[in-house]
Amino acid sequence: MVYYLIGAPHKSNEQTAWLETEKHVLTSGISRQAKGRILQTEIGKFKLGNLDHLMFINDSLLKQESVVESLLKKIERQYLDVTEKVSYDFIIELKEGPQSIENFLFQFKWNDQTFPRASALSELVKAISSRATHVETDLRQKSTSYQELKNQSQQVARKEGNLMVRDLVDVLKEPIVKPRDFIYSDYLTTLVAIVPKTQIQEWLACYEFLCENVVPQSARQFQIEDKDNLTIWRVVIVRQSFDKDHDIEVADKGDDDKGKKQRQTPVEEFIQKARDKLRITVKEFEYKSQESKEREKLRLDLKSKSDHMNTTLKQACEKAFSDLYITYMHLKVLRLVVDIAMRFGAAEPNIQCILKPDQGKEKKVQQSLLKLFADPSQVGLYGTKEELEDTEDFFPFVYVPINIP
């Protein structure tokens, strides 16, 4: 969907010029090819200045236009991300009430309270830039807060999958386990083993002999269902080694450390031998009876805050898009006014209008405009930058496209 702002000189009155536009541009034969309306810009109310000043302002507007369009697209992406929608038709909020973008464009009226035409053009450009910056800053702050909440929620979210990947705090909780199932003291500690069902017999036959610090008959299975046929066990280990000379070599820690020996704790020894000899994963785990409840409470709290922030950010996106789109249209109209003044002079009679080509009729509308406003002997000089193999479009009229939405 694209709209054109068109400005061109005429030799009759504005109404006659518009009737000619309706006849030759909005229709082709008996079929419609575009929708359009006169724009009431009142060029005489702008403080335009000389040609050099107009050229400077035009360059400034082009730069600002790029910034505003990029920001509008960013707001749209943010909104679609928050709402998980594929597309959305934004509404423009005005004092008169909400309007669709198309109605807003076709009923556009310059807002002298926000952008007073009596101000210097440089002040109008500054006002446009200021509003864009304000919208971007406000939205960035809300977006950052929302992302921080999402990150916190992800950090404490339940991990889906089998017992190998799930957080043990979410697995080993009451009533599945009791505090007495876990023993922690200066001399004893409890480890957790993830054992495939096919290896249970091997595990029971071997775990006591993986290291001398295993408390005999301390293995106990917790009744937890697992989709990959894994089971979960606890085993109690004596923390201190009975052999004071029990140590192992450190593997490749640099030339200075090669050959040195480092004492391996019974816990480390049991974990390593379970992995190497039985291919069973053993994890250190400290059971805290309230940790699961506290984590669930934190999840619910973060979800509530995240949902609230989601709604806040959604509303902020809607307001930001509306406010910025109003600014965007004023920028486009100002570009139209400045370009008309540069090319034809503000004192010359001219017509300004907005057109919306029907889908697939954009090229026909451009050709109709050329026939209406170009000298027949010079039609070949005009066209889009692609057609002319140039860096800019060149038409016998001022052409300012609106590409958003």
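User: Why is the pairing of D301 with K305 called a salt bridge?

Analyst: In this predicted model, the closest N and O atoms of D301 and K305 are 3.4 Å apart. The cut-off for a side-chain nitrogen of Lys or Arg and a carboxyl oxygen of Asp or Glu is 4 Å. The 3.4 Å between D301 and K305 lies within 4 Å, so the pair counts as a salt bridge.

User: Where do D301 and K305 lie?

Analyst: Both are in helix α8 (residues 291-343). They are four residues apart, about one turn of the helix.

User: What makes D301 and K305 partly exposed rather than buried or exposed?

Analyst: Buried requires under 20% relative accessible area and exposed requires over 50%. D301 has 34% relative accessibility, so D301 falls in between and is partly exposed. K305, at 44%, is therefore partly exposed as well.

User: Which residues are joined into one network by salt bridges that share partners?

Analyst: The network consists of E42, K45, D112 and R117.

User: How do you know that K45 and E42 meet in a salt bridge?

Analyst: Their side chains come to 3.5 Å, N to O. That value is within the 4 Å limit, so the contact qualifies.

User: What is the exposure class of K45 and of E42, and why?

Analyst: K45 has a relative accessibility of 44%, and E42 has a relative accessible area of 42%. Partly exposed covers the range between 20% and 50%, so both residues belong to that class.

User: Why is K126 called exposed while E123 is called partly exposed?

Analyst: K126 has a relative accessible area of 52%, which is over 50%, so K126 is exposed. E123 has 41%, which is not over 50% and not under 20%, so E123 is partly exposed.

User: What makes K126 and E123 a salt bridge, and how are they placed in the helix?

Analyst: The closest N and O atoms of K126 and E123 are 3.7 Å apart, within 4 Å, so the pair is a salt bridge. The two residues are three residues apart in helix α4 (residues 121-156), which means a separation of about one helical turn.

User: How many salt bridges does the structure hold?

Analyst: It holds 18 salt bridges.

User: Why is R279 called exposed, and where does R279 lie?

Analyst: Its relative accessible area is 72%, over the 50% cut-off, so R279 is exposed. R279 lies in the loop between α7 (266-278) and β12 (281-284).

User: Which residues does R279 touch, not counting residues up to four places away in sequence?

Analyst: With those neighbours set aside, R279 touches Q199 and A274.

Technical notes. Residues numbered from 1 in each chain as written. Predicted model: local features only at pLDDT ≥ 70, side-chain atom pairs only at ≥ 80, totals over all residues. Heavy atoms only, no water. Buried < 20%, exposed > 50% of the residue type's maximum accessible area, 1.4 Å probe, protein only. Contact = heavy atoms within 4.5 Å.
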